[in-house]
Amino acid sequence: MREQDHYDTIVIGSGTCGATLARELSGAGQRVLLLERGGPAPATESVMGFVAIADQVKVGDQLTTARALTTGGSSSMYFGVVNYPPLDEFRKLGLDISAELDEVKRELPIAPLPDRLIGEQSQRLGESARALGLDWNKHDMLIDPAQCEGDGYSYRALWRARRYVDDAVASGAQLVQRATVGRVLSEGGQAIGVQYRIRKPLYVTPPREAYAPRIVLAAGELASPQILRASGLDEIGRRGFYCSPGYALYGLVPGQQARDNFVGSMGCDLGDGVELGDANVSRFMHRLMMLGKGKFKHLRNYPQSIGIGVKIKDGHGGELRADGRLRKTLDAGDRARLERGEREARRVLEKAGARDVFNFGLSVAGRVGGMVAIGEHVDTRLETRLRGLHVCDGSVIPDAMRGTPTVTLLSMAKHLSKHLLQRA
Ligand SMILES: Cc1cc2nc3c(=O)[nH]c(=O)nc-3n(C[C@H](O)[C@H](O)[C@H](O)COP(=O)(O)OP(=O)(O)OC[C@H]3O[C@@H](n4cnc5c(N)ncnc54)[C@H](O)[C@@H]3O)c2cc1C
């Protein structure tokens, strides 16, 4: 074992959780190794930029979800919608993250979008929903309006985990990109290190090893369960997962003159596990989506476009198979909720004057979660039965606490960092 391969903490994955942990721990003087599967390509809103980082993962016969495999993880392509962690639910599990939530709120620009940044299509959708009696409200967003030139949309204005990666590196963390961790190494029930390979332009290196008394697995809700299985924790994912499936519906409003827009700024809860939300994506995203579906009339008419999303709470089910694939089938209750959501969504679009309405098709509208359960697979320190191996990412968020998870993940990562610093 070479001295230079030893660290205080190894963090696997540089997304929201991994970046926060690496920043907090290296800022406090720890020797941190941050291993990231993705490369250094700067996150940009361009076709080549997205093709380089976006990864579609099948979750069921009709269901797919997306993630970003790059430095900064999925925050490179998320929408910045904020749901707050249900603190009482977390307390019931023995985890008090209220102080860390306050810290996150102090550190980051979190607020509803000012009206000047809400495009005509979103304003119209909101008016139509409210006219139909729906409780359509603004969401808080992780968006800094000061970064928006004029009154317009800006990709730069969203908070990205890559900023925390830069802070971590400035504080001395060692970032290794294109490093895919296969498994965690252990001895006598204690995690001691990780095995990873580096992807070079023409080949992949033989396995390398690095060692630390504390390992944090933050490879994301899809990758972490697989790494845990490969590390001998066979029980992970056996009881299935949730994935919050949904639809997006798009139409065209003749005469509308919409400009570029932040998606997700408003929505409403219909009750019984059905939510509607603003699906008026940016011009760039709209182009990619309509091209992908071959909807050329919509593609040409962004200023007239109007969109609404449906998301439901599905039951916990499906499985993570031995070959690493996820499989889930929706039950009759899920389908009934999807149908109810679609009916309401069509009513809102029609009221808004939309024509040529089409359903973009079923996909995972929320996140995949619940495969690494707090209280079952990890304790209140997010530690697995392998001592020294912690899991901190979307995979540990329990069913009852699902929502758009970024602020919850930031708070959890800060909470875990404090614990790791106390134990060091
Ligand atoms: C299109 C889209 C829109 C979204 N919108 C919102 C929103 O509005 N609000 C919200 O709160 N959330 C949103 N999300 C979800 C949010 O972005 C993610 O939940 C969050 O970024 C997850 O953070 P994480 O740290 O758990 O994992 P990730 O961000 O997925 O980070 C995991 C990292 O680990 C790396 N990795 C994976 N496997 C390995 C391996 N074997 N070895 C080493 N590294 C590995 C990945 O490359 C990645 O960088 C959205 C997501 C998407 C895709």
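This tour moves from the ligand to its surroundings and then to a pair of helices. The model is predicted.

**Stop 1: the ligand.** Select the ligand and the 36 residues around it. Glu36, Thr70, Ser74, Val81 and Thr406 come nearest. Now colour the shell by residue class. It divides into 18 nonpolar, 14 polar and 4 charged residues.

**Stop 2: backbone atoms beside ligand oxygens.** Pick Thr16. One of its backbone N or O atoms lies 3.2 Å from an oxygen atom of the ligand. Go on to Gly80. Here, too, a backbone N or O atom lies 3.2 Å from an oxygen atom of the ligand. Then select Ala219. Its backbone N or O atom is 3.4 Å from a ligand oxygen atom.

How much of the ligand does the protein bury? Taken alone, the ligand exposes 1,000 Å², and the protein buries 94% of that.

**Stop 3: the elements of the shell.** Show the helices and strands. Those giving two or more residues to the shell include three helices to select in turn: H1 (16-27), H7 (223-230) and H11 (406-423). Strands E2 (32-36), E4 (64-68) and E10 (179-187) also give two or more. Which element provides the largest share? Select E10: it gives 3 residues.

**Stop 4: H1 and H6.** Keep H1 and add helix H6, residues 162-170. The two pack at an angle of about 25 degrees. Their axes are 8 Å apart. Angles under 35 degrees count as roughly parallel, so H1 and H6 are roughly parallel to each other. Turn the view to look across the pair. The crossing of H1 and H6 is left-handed.

Key. Residues are numbered from 1 along each chain as its sequence is written. This is a predicted model: local features need pLDDT of at least 70, side-chain atom pairs count only at pLDDT 80 or more; totals for chains, interfaces and linings use all residues. Side-chain values use heavy atoms; hydrogens and water are left out. A residue is near a molecule or strand if one of its heavy atoms lies within 4 Å of it. A polar contact is a pair of N or O atoms within 3.5 Å; within protein, one must be able to donate a hydrogen and the other to accept it, and residues adjacent in sequence count only if both atoms are side-chain atoms. Accessible areas come from the Shrake-Rupley method with a 1.4 Å probe; for residues, only the protein chains shown count as cover. Helices (H or I, at least four residues) and strands (E, at least two) are DSSP runs, numbered from the N terminus. Ala, Val, Leu, Ile, Met, Phe, Trp, Tyr, Cys and Pro count as nonpolar, Asp, Glu, Lys and Arg as charged, and the others, Gly among them, as polar. Axes are lines fitted to C-alpha atoms, for helices over the stretch in contact, and angles run from 0 to 180 degrees between N-to-C directions. Angles under 35 degrees count as roughly parallel, over 145 as roughly antiparallel, 65 to 115 as roughly perpendicular and the rest as oblique. A crossing is left-handed if the near helix is turned anticlockwise from the far one by less than a right angle, and right-handed if clockwise.
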